[in-house]
Each structure stands twice: as structure tokens, then as C-alpha cells.
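Hi,

Here is the structure I said I'd pass on to you. Have a look first, and my notes on what turned up are underneath.

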Amino acid sequence: MTITEPLGFNPFDAGFRVDPYPVYRRLLAEDPVHKTPFGMVVLSRYGDCAAILRDPRSSSDASNSNMYKAFMAGRDPEEVFGALAGMRPFLFMDPPDHTRLRGLVQKAFTPKTVENLRSRIVELVDELMAPALERGSMEVIEDLAYPLPVRVITEMLGVPIEDHDTFKGWSRELAGALDPDFATPEAVAERRENAASAFVEYFQALIAERRKDPRDDLLSALITAEDEGHKLSEKELLSTLILLLVAGHETTVNLIANGVLAFVRHPDQLARLRSDPGLARTAVEEVLRFDPPVQFTARVALEDIDIGDAVLGRGDQAIVLVAAANRDPNQFERPDEFDVGRQENRHLAFGLGAHFCLGAPLARVEGQVALQAVAARLDDLSLAVEQPEYKENIVLRGLASLPVTFRPSGA
Ligand code: HEM
């Protein structure tokens with residue numbers, strides 16, 4: 001038995017990364033509540049995934065798990081996790097801390113606030129696509145899918161885009177930190193710790209600057225919240241800034257790239273969106289269902305929780321395969337079909353419940369503007385390689401590059 005088999009599948013298999021959906025189909029059909037030998041349960045059914053995400057007895061804090069407690073027995077977290085210790089963002093917290101910290105940034109991400117950014121997003125998409133349109137070829141990740149969300153989140157936060165070369169590598173390292181710990185060789189863990197320390201130093205300097213000279217940005221607003229009435233500590237401020245910057249770098253890129261890939265493979269659906277731009281909203285939801293940027297998340301049971309015929313014991317961890325739930329035939333008609341006009345589409349790509357993705361309204365607008373522009377401006381869209389490659393990340397599964405050729409519309 002290899003160390004990866006207990007999950008019921010091998011997340012490191014190169015074939016799995018390219019197409020995990022046959023594995024999810026098998027789990028759904030044959031083993032929907034898969035028990036591992038070490039007190040972990042892998043869930044794939046929509047109903048089970050949705051129930052555990054909504055359940056107040058499930059915790060997002062992995063330190064509540066029996067496995068973590070056994071691993072940490074008598075050890076000092078600072079020694080084990082270095083700069084990452086004590087820097088857990090609110091994504092991994094439970095109420096009341098989670099509620100307090102999420103509340104502080106929520107206002108910046110409401111659908112109404114984000115809708116005001118739409119015209120800026122249109123402007124950025126125009127600017128980013130112009131050189132590729134002139135060339136007649138595009139590397140979708142480098143030219144559009146990555147720089148768009150990066151420009152938007154740095155502008156929102158007030159982080160200078162000129163510093164991007166400094167922090168883009170740290171962001172990539174921390175995105176990998178979402179993958180299960182048993183998947184992490186020591187050298188990688190060390191790189192992540194260094195990335196976390198470097199981010200902390202970077203933000204400390206920027207915070208000092210903004211404190212002297214506040215601006216109309218999210219960074220200044222959060223500093224004011226820290227200064228007034230101790231609504232958040234310095235560590236909380238830092239972990240929140242890092243969470244938002246990393247989320248802005250590593251998720252929406254996959255929505256846009258997965259969308260373009262789905263369209264290349266389903267030209268009839270691309271033609272539908274081209275002839276009816278009003279489909280952009282449902283098209284983005286369908287990309288999120290069909291090939292979600294976040295493949296799974298995890299929860300720990302704070303009490304025994306019944307799941308179908310099984311019980312998730314107190315302290316046991318559930319792997320919640322949202323990407324499998326999004327293809328559950330009991331929830332979605334024709335689950336393996338990519339249909340940009342799909343109406344009934346309550347996918348779990350953004351999670352559910354208290355931790356439902358804070359950035360969802362922003363990611364949706366970015367996805368809609370980018371995919372609509374691709375449909376409108378690129379004719380005869382095709383892949384420039386046979387099979388594009390995927391990055392090694394497991395939770396944030398995404399393409400490493402996506403070269404395409406096309407003819408500019410009207411040319
Ligand atoms: C298509 C793009 C995105 C996808 C698929 C996505 C997916 C998710 C998912 C599944 C969760 C819930 C995780 C869980 O419950 O364990 C989540 C949480 C979160 N996301 Fe996103 N996300 C995206 C974009 C963004 C963006 C652009 C931002 C902000 C810049 C963002 C910020 C957050 C934050 C702060 C949380 C934590 C919410 C909480 O714990 O209350 N996300 N995201």
C-alpha cells in the first residue's frame with residue numbers, strides 16, 4: 001500500500017490531475033462515504049458534502065482533529081510550523097473569531113460593491129487582450145487568466161503592482177499549503193515557511209507606510225480596524241491580508257482558464273455564448289460546476305455526525321470532494337454535460353454555509369467579463385498543444401499553461 005491509497009484514489013497520479021472525473025464517478029457510484037484507515041472519511045455525494053459544510057458541528061480548524069492532536073503531542077507549534085504557526089487565516093477558524101474577522105472584510109466583497117468594479121474589469125480585460133489580439137495567439141494563463149485577478153485584488157487591497165515580482169512566488173508556495181500535510185515533502189514545507197515569513201515582513205513594511213499615509217483602499221481600512229478598538233490583532237491583520245492576496249492570485253485564474261479549455265473542447269457551447277452574451281452568467285456557473293478551481297475542502301467533526309449509514313466520529317476529518325458533488329447525478333441532470341444555459345445549478349464550487357467563498361461575487365464578475373470577451377473576440381479558437389499541463393497542486397487544481405490559437409473576430 002502506498003501512502004496515497006488510503007484516500008480511495010491517488011491524488012498525485014498525473015492522469016488524475018488531467019482528468020479526475022472518472023475517479024469521482026467511481027467514488028459516487030461505489031464508495032460515496034469512503035473510510036480511510038486513519039479516521040478520515042472521503043465524501044463525494046452532493047447531499048453529504050452540502051450537509052457537512054452547513055453543519056455547525058463541523059469545524060474548519062484542523063487542530064481539532066484527532067490526527068493533528070496525535071501528530072502534535074508534546075510538540076511546539078512554532079517549531080513544527082515556523083512562521084505559519086499562529087498565522088491561520090479565518091478560512092480555518094470557527095465562530096466567534098471567524099464571524100468577527102469575516103465581518104471586517106465582507107463589505108468590500110458584496111455583490112453591489114463588486115458590481116461597481118465591473119467597468120474597471122472590462123477596461124483591464126481590454127488592455128490585457130490587446131497584444132494577444134494583435135499577435136493572433138495567446139497563452140491564456142499568462143496573458144489574461146492570471147494577470148486579471150492579480151491586478152484587481154492588488155488594486156482593491158492597495159498593494160503596489162510593481163511589487164508583484166517580489167510576492168508572486170510566495171503566493172504560489174502558500175497556495176500549495178492547502179494540500180494535505182501528508183503530501184508535503186520537508187523541503188516544500190520549508191519553502192512555505194519562508195514564503196510566510198517573507199509575506200509577513202513585506203506587509204509589515206506596507207502597513208507602516210499606510211499607517212503614516214492612509215489611502216482609499218482595503219489595506220488602510222483594515223489598519224484602521226486594527227487601530228480602533230482592537231477588532232483585530234496584528235497577527236489577524238497580517239493573516240487576513242495574506243489570505244485575500246493569495247486567494248486573489250490562485251483561484252480565479254483557474255476559473256478563467258478552465259472556462260477557456262471547456263469552450264475549446266465544446267465549440268457548440270462557445271458559439272451559444274457568442275451569439276447570446278446574456279448567457280455569460282449561467283456559463284460561468286457551469287464552468288464552476290463542471291471543472292471547479294477548488295477540488296475539495298475539509299472539516300473536522302466536533303461531535304459524532306451521522307452521514308448516511310456511517311458516523312463521522314468526534315475528531316475525525318471529512319474530505320469534502322466538491323468537484324465530485326458537482327457531478328452527482330442525483331443533484332444534476334446530465335452531470336457530465338457542459339451546458340452554458342443550465343438553469344438548475346446549485347454547485348458547491350464556492351463551498352456552502354458560514355465559509356461560503358467571500359470572493360465569489362468578484363470571481364463571478366471577472367469570469368463573466370473575461371469569458372464573454374473570449375467568446376466575442378476570438379474566432380476558430382483551438383488548442384496550440386495536444387494536452388495542456390497541470391500544476392502540481394491538489395486542492396487548487398489548475399493548468400500550468402494554456403496556449404491557444406485563433407483568428408481575431410471580424411479579421
Ligand atoms: C473562482 C474563484 C474562486 C473559487 C472557486 C473559490 C472557492 C472557495 C471555496 C470553496 C471556499 C470555501 C472553503 C471552505 O469552506 O473550506 C472559499 C473561501 C474563501 N474565499 Fe474563495 N474562491 C474563489 C475566489 C476568491 C477570491 C477572488 C477571493 C478574494 C480575493 C476569495 C476569498 C475567499 C475567502 C476570504 C474565503 C474564506 C471565507 C470564510 O472562511 O469565511 N475567493 N473560496
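Let's start with the metal: the iron atom of the ligand has Cys357 as its only protein donor, through SG at 2.3 Å. Keep in mind that this is a predicted model. Cysteine 357 sits in the loop that runs between α18 (322-325) and α19 (360-377).

Now the ligand's surroundings. The shell consists of 27 residues, and the closest are His98, Arg102, Thr297, His355 and Cys357. By class, that shell breaks down into 17 nonpolar, eight polar and two charged residues.

Some polar pairs you may want to look at:
- histidine 98, with a polar side-chain atom 2.6 Å from an oxygen atom of the ligand
- histidine 355, where a polar side-chain atom also lies 2.6 Å from a ligand oxygen
- arginine 299, whose polar side-chain atom is 2.7 Å from an oxygen atom of the ligand

As for which elements build the shell, two or more residues each come from α6 (97-106), α14 (234-250), α15 (252-265) and β5 (297-301). The largest share is from α14, which gives four residues.

One other spot I checked is proline 77, in helix α5 (residues 77-81). Is proline 77 buried or exposed? Its relative accessibility is 37%, and the partly exposed class lies between 20% and 50%, so proline 77 counts as partly exposed. Neighbours within four places in sequence aside, proline 77 is in contact with Met72, Gly82 and Ala85. Its C-alpha atom is 19 Å from that of aspartate 179, a residue 102 positions away along the chain.

Cheers

Conventions:
Residues are numbered from 1 along each chain as its sequence is written. This is a predicted model: local features need pLDDT of at least 70, side-chain atom pairs count only at pLDDT 80 or more; totals for chains, interfaces and linings use all residues. Side-chain values use heavy atoms; hydrogens and water are left out. Donors are N, O and S atoms within 2.8 Å of the metal (3.2 Å for Na, K and Ca); water is not among the atoms, so sites may look incomplete. Buried means under 20% relative accessible area, exposed over 50%, partly exposed in between (1.4 Å probe, protein chains only). Contact means heavy atoms within 4.5 Å. A residue is near a molecule or strand if one of its heavy atoms lies within 4 Å of it. A polar contact is a pair of N or O atoms within 3.5 Å; within protein, one must be able to donate a hydrogen and the other to accept it, and residues adjacent in sequence count only if both atoms are side-chain atoms. Ala, Val, Leu, Ile, Met, Phe, Trp, Tyr, Cys and Pro count as nonpolar, Asp, Glu, Lys and Arg as charged, and the others, Gly among them, as polar.
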